[in-house]
Amino acid sequence: MAAAELAPRSLEADEETQTITLSHHNTPQTLTLPLSATITDLSAAVASTLSVPATNQKFMIPKLGLLKPPFKDPALPVSSFVAAKITLRSEEHTSELQSP
């Protein structure tokens, strides 16, 4: 997968967004993604914001299980699980994502 494909989509000024709060080393981090964002976009945002490469990411999502790149369904909308408590696991550390 090319690096450009992993870059998060740029947010248009009038585009509606959703916010996910990430607890990283007990420090809350906020990720803002467009409503149209996919699991692939979330992975790219985590990579660029937290410097956790996609190859080291594993998302535990209730009712969906363990998801890691390359995703079986790369078009899975973040909006379908944004309210769930999401745990990000990586080789370096474990973090928890949770919507506000």
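Trainee: Where is the place of Q18?

Mentor: Helices (H or I, at least four residues) and strands (E, at least two) are DSSP runs, numbered from the N terminus. Q18 sits in strand β1, residues 17-24. Keep in mind that this is a predicted model, where local features need pLDDT of at least 70, side-chain atom pairs count only at pLDDT 80 or more, and totals for chains, interfaces and linings use all residues. Residues are numbered from 1 along each chain as its sequence is written, and side-chain values use heavy atoms, with hydrogens and water left out.

Trainee: Is Q18 buried or exposed?

Mentor: Buried means under 20% relative accessible area, exposed over 50%, and partly exposed in between (1.4 Å probe, protein chains only). Q18 has 8% relative accessibility, so it counts as buried.

Trainee: Which backbone oxygen lies 3.0 Å from a polar atom of the Q18 side chain?

Mentor: First, the rule: a polar contact is a pair of N or O atoms within 3.5 Å; within protein, one must be able to donate a hydrogen and the other to accept it, and residues adjacent in sequence count only if both atoms are side-chain atoms. For Q18, the oxygen belongs to P34.

Trainee: And what else does Q18 touch, not counting residues up to four places away in sequence?

Mentor: Contact means heavy atoms within 4.5 Å. Leaving out residues up to four places away in sequence, Q18 touches L31, T32, L33, P34, L35, A37, V78, S79 and V82.

Trainee: Let's try another residue: where is Q57 found?

Mentor: Look in the loop between α2 (39-50) and β3 (58-61). Q57 counts as buried, because its relative accessibility is 1%. Its side chain reaches the backbone oxygen of V52 at 2.8 Å. Apart from neighbours within four places in sequence, Q57 is in contact with S43, V46, A47, V52, K68, P69, L88 and R89.

Trainee: R89 is on that list, so where is R89 found?

Mentor: R89 is in strand β5. With a relative accessible area of 41%, R89 is partly exposed. R89 and N56 are 33 residues apart in sequence, yet their C-alpha atoms are 7.9 Å apart in space.

Trainee: What about odd backbone angles?

Mentor: Here's the general idea: most residues other than glycine have a negative phi, and most peptide bonds are trans. Now look at S51, which is not a glycine but has a positive phi of about 60 degrees. S51 is found in the loop between α2 and β3, and it is exposed, with a relative accessible area of 61%. K63 also isn't glycine, and its phi is positive, near 75 degrees. You'll find K63 in the loop between β3 and β4, exposed at a relative accessible area of 88%.

Trainee: Which peptide bond is cis?

Mentor: The one from P69 to P70, with omega near -10 degrees. P70 is in the loop between β4 (65-67) and β5 (85-89).

Trainee: How many aromatic pairs does the count come to?

Mentor: Rings of Phe, Tyr and Trp (its six-membered ring) pair if their centres lie within 6.5 Å; planes under 30 degrees apart count as stacked, over 60 as edge-to-face and the rest as tilted. By this rule there is 1 aromatic pair. The ring centres of F59 and F71 are 6.4 Å apart and the planes are at 40 degrees, so the pair is tilted. F59 lies in strand β3 and F71 in the loop between β4 and β5, so the pair ties together parts that are 12 residues apart in sequence.

Trainee: Are F59 and F71 buried or exposed?

Mentor: F59 is buried, with a relative accessible area of 0%. F71 is buried too, at 12%.
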